[in-house]
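Here are my notes on the model you asked me to look over. Have it open while you read, as the points refer to residue numbers throughout.

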2 protein chains.
Amino acid sequence: MADVTLVTGAAGFAGSHLLDLLRDGPGEVVAWHRPGGAPASVGGVQWEAIDLLDASAVRDAIARRRPTAVYHCAGAAHVGRSWDNTAFTFAINVRGTHHLLDALERAGVTARVLIPGSALIYAPADRALVETDPLKPASPYGLSKLAQEMLGWRAGRRIRTLIARAFNHFGPRQDPMFVASGFARRIADIERGFWAPEISVGNLEARRDLTDVRDTVRAYRLILERGEPGRPYNVCTGRAVAIRDLLDMLIARARVPLTVIVDPKRYRPNDAPLLLGDPARLRDDLGWSPRIPIEQTLDDLLAYWRARPA
Amino acid sequence: MADVTLVTGAAGFAGSHLLDLLRDGPGEVVAWHRPGGAPASVGGVQWEAIDLLDASAVRDAIARRRPTAVYHCAGAAHVGRSWDNTAFTFAINVRGTHHLLDALERAGVTARVLIPGSALIYAPADRALVETDPLKPASPYGLSKLAQEMLGWRAGRRIRTLIARAFNHFGPRQDPMFVASGFARRIADIERGFWAPEISVGNLEARRDLTDVRDTVRAYRLILERGEPGRPYNVCTGRAVAIRDLLDMLIARARVPLTVIVDPKRYRPNDAPLLLGDPARLRDDLGWSPRIPIEQTLDDLLAYWRARPA
């Protein structure tokens with residue numbers, strides 16, 4: 001029987017890019033998406049609609065497919081939204097992960113499972129964060145991501161849990177709730193004449209370590225295949241970009257002149273001024289480094305929104 | 001219709017002591033216990049077997065009783081055990097709390113809800129912790145208790161969430177997994193001749209702020225009735241006792257001579273050397289101070305285990 005690779009959240013942002021990476025590889029790829037949600041149009045994979053909150057559906061699907069590699073990309077991903085969807089964030093990120101790990105254990109498969117953790121479990125710092133830095137999640141989202149790691153540590157004997165700690169990543173297909181994607185969509189809509197040529201912005205001073213999502217998922221594959229179980233790996237570039245500079249770079253790419261309006265109501269009080277990671281472990285242990293420059297990502301992101309039907 | 005007070009986890013440690021405090025008061029008291037678990041034999045209350053993980057059972061019971069005061073004492077309470085029962089700890093503490101708050105909101109009742117939070121959400125410190133100190137939960141248990149507080153912050157408009165942050169509390173009826181109760185039970189069993197007169201112990205140097213559970217639940221009632229919603233209150237004495245001194249005080253009360261055997265295997269590596277709280281807010285805002293001296297608690301704890309059928 002061919003090896004089966006499972007991607008949960010496969011219609012989501014990181015999940016869909018992971019499928020692009022995996023679908024031409026060896027073995028079968030099974031892609032789970034939320035029931036009701038439409039799967040991304042990616043061929044070469046077998047789609048299944050599975051509700052991670054339905055323990056018996058997860059158990060049945062795992063028993064049937066018996067995956068030996070699992071990328072668990074499903075979950076609530078937005079820190080700001082987690083304050084409004086607190087219970088759902090805990091449910092899908094924590095209970096959903098438990099159902100998945102438990103199903104793998106019950107099926108008796110030997111599997112490597114990638115947990116895409118988050119930089120938002122670290123205590124804020126004014127320098128690049130390393131994997132041994134103190135953990136101090138400060139939002140329902142951050143709490144749920146640390147809980148996910150803890151569930152991974154406790155998984156059954158046959159389960160090898162690999163932990164990626166992703167910093168901000170961006171690129172085509174990202175939900176416009178996230179800042180770069182939201183700016184890019186706005187610019188594309190302004191170019192089409194749907195809006196006055198104005199962009200309303202919040203905190204432009206915050207600096208973030210931004211990785212192209214395609215580099216991020218390449219790191220996920222490397223970590224799943226060759227990482228050390230239980231050892232977390234930061235996935236980041238080691239460089240921070242101010243949101244202001246990101247916006248300037250997008251505006252420079254716009255086909256019409258734009259005005260920026262600063263709106264204090266859009267400030268999020270919990271926004272840390274800096275979220276920067278040190279990628280040394282991933283680079284030194286597994287040879288990863290980011291390949292796609294920010295300019296390319298921004299071009300691709302704008303092209304994505306320009307190509308979308310309005 | 002008389003006011004209804006609900007106690008969840010009413011057959012548990014804090015819950016059962018809370019019933020002692022509430023059952024002679026005005027209004028009805030409804031006591032929830034786990035289905036299958038036997039309720040403590042406390043009269044003057046109406047017992048119901050409700051599974052907090054069963055959302056519709058919780059909804060139905062709340063819609064029927066419409067409590068205006070809720071003490072949410074149910075939940076996984078042991079930090080060490082939470083490393084083995086990680087998924088259950090998150091489920092009962094986080095999802096259970098969500099079901100309860102959601103049911104109250106749907107029922108449209110105006111209620112004050114006490115969340116008995118935990119000192120284990122604070123970052124460890126070498127001094128007394130105050131409520132504004134940094135939060136840094138480091139175990140599934142700690143994470144689940146902070147998640148509980150976060151759910152409380154997000155509860156519906158009619159729900160007033162009161163937050164107690166309990167430090168260690170002890171007394172009769174406590175599970176012997178907890179150190180003082182475990183020592184006391186062992187001594188009672190040795191006195192009956194069930195064991196050789198030896199006590200095996202782990203980390204005796206750790207110091208803890210120990211409150212008699214009856215003082216703790218008195219604080220819960222005060223906070224529920226007169227506390228400020230959303231404002232956390234430490235429930236503690238402000239004094240730390242070394243586990244060694246606690247053990248010495250128990251041994252001094254034993255009716256037979258005992259030998260102490262130090263067993264390094266019983267050390268828990270995550271044990272913080274000090275867990276001490278500052279009770280100033282609870283004292284200054286609400287006039288609470290602990291009444292029961294540690295000697296009394298230890299006498300009562302030993303009497304409890306001596307009276308239990310072996």
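The numbered points below go from the single chain to its domains, its sheets and the pairing of the two copies.

1. First, a reminder that this is a predicted model. Please read everything below with that in mind.

2. Starting with the overall build, chain A holds nine helices and 14 strands. Its C-alpha trace spans about 60 × 40 × 40 Å along the principal axes. The radius of gyration of chain A is 19 Å, and since a compact globule with 310 residues would come out near 19 Å, the two agree.

3. On to the domains. Chain A splits into domain 1, made of 4–169 + 210–235, and domain 2, made of 171–209 + 239–276 + 292–307. Between the C-alpha centres of domain 1 and domain 2 of chain A there are 26 Å.

4. What does the contact between these domains consist of? Domain 1 of chain A puts in 20 residues and domain 2 of chain A puts in 17 residues. On the domain 1 side, the elements giving two or more residues are α1 (13–22) and α6 (213–226) of chain A. The largest share there comes from α6(A), with three residues. By class, that side of domain 1 of chain A has nine nonpolar, six polar and five charged residues.

5. Now the bigger of the sheets I want to flag, in chain B: seven strands make an open, parallel sheet in the order β3-β2-β1-β4-β5-β6-β11. The edges are β3 (46–49) and β11 (232–235) of chain B; each has a single partner strand, so one side of each has no neighbour in the sheet. On average, and ignoring direction, neighbouring strands of this sheet are turned by 20° against each other.

6. If you want a place to check the register, try β4 (residues 69–72) and β5 (residues 111–118) of chain B, which pair in the parallel sense over three bridges. Here Tyr71(B) has Leu114(B), in β5(B), as its bridge partner.

7. Don't overlook the other sheet in chain B, an open one of three strands with the order β12-β9-β14 and mixed pairing. At its edges stand β12 (241–242) and β14 (274–275) of chain B, and because each has a single partner strand, one side of each is left without a neighbour in the sheet. Strand β9 (residues 207–208) of chain B runs antiparallel to β12(B), joined to it by two bridges. Look for Arg207(B) here: its bridge partner in β12(B) is Ala242(B).

8. How are the two copies related? Chain A superposes on chain B by a rotation of 180° with 0.0 Å of shift along the axis, at an RMSD of 0.0 Å. The copies are thus related as by a two-fold rotation axis. In chain A, Lys136(A) has the C-alpha nearest that axis, 2.4 Å from it. Both copies use the same surface, as 100% of the contact residues of chain A recur in chain B.

9. Last, the contact between the chains. It takes 17 residues from chain A and 17 residues from chain B. On the chain A side, α3 (86–107) and α4 (140–153) each supply at least two residues. Which of the elements gives the most to this side? That is α3(A), with seven residues. The side of chain A that touches chain B divides into twelve nonpolar, two polar and three charged residues.

Terms used: Residues are numbered from 1 along each chain as its sequence is written. Chains are lettered from A and ligands numbered from 1 in the order in which they are written. This is a predicted model: local features need pLDDT of at least 70, side-chain atom pairs count only at pLDDT 80 or more; totals for chains, interfaces and linings use all residues. Copies are superposed by least squares on the C-alpha atoms of residues with pLDDT of at least 70 in both. Two residues are in contact if their C-beta atoms, placed from the backbone, lie within 7 Å. Two strands pair if DSSP finds at least two bridges between them. Helices (H or I, at least four residues) and strands (E, at least two) are DSSP runs, numbered from the N terminus. Axes are lines fitted to C-alpha atoms, for helices over the stretch in contact, and angles run from 0 to 180 degrees between N-to-C directions. Domain bounds come from an automatic or database domain assignment. Ala, Val, Leu, Ile, Met, Phe, Trp, Tyr, Cys and Pro count as nonpolar, Asp, Glu, Lys and Arg as charged, and the others, Gly among them, as polar. The radius of gyration is taken over C-alpha atoms; the globule rule is 2.2 Å times the number of residues to the power 0.38.
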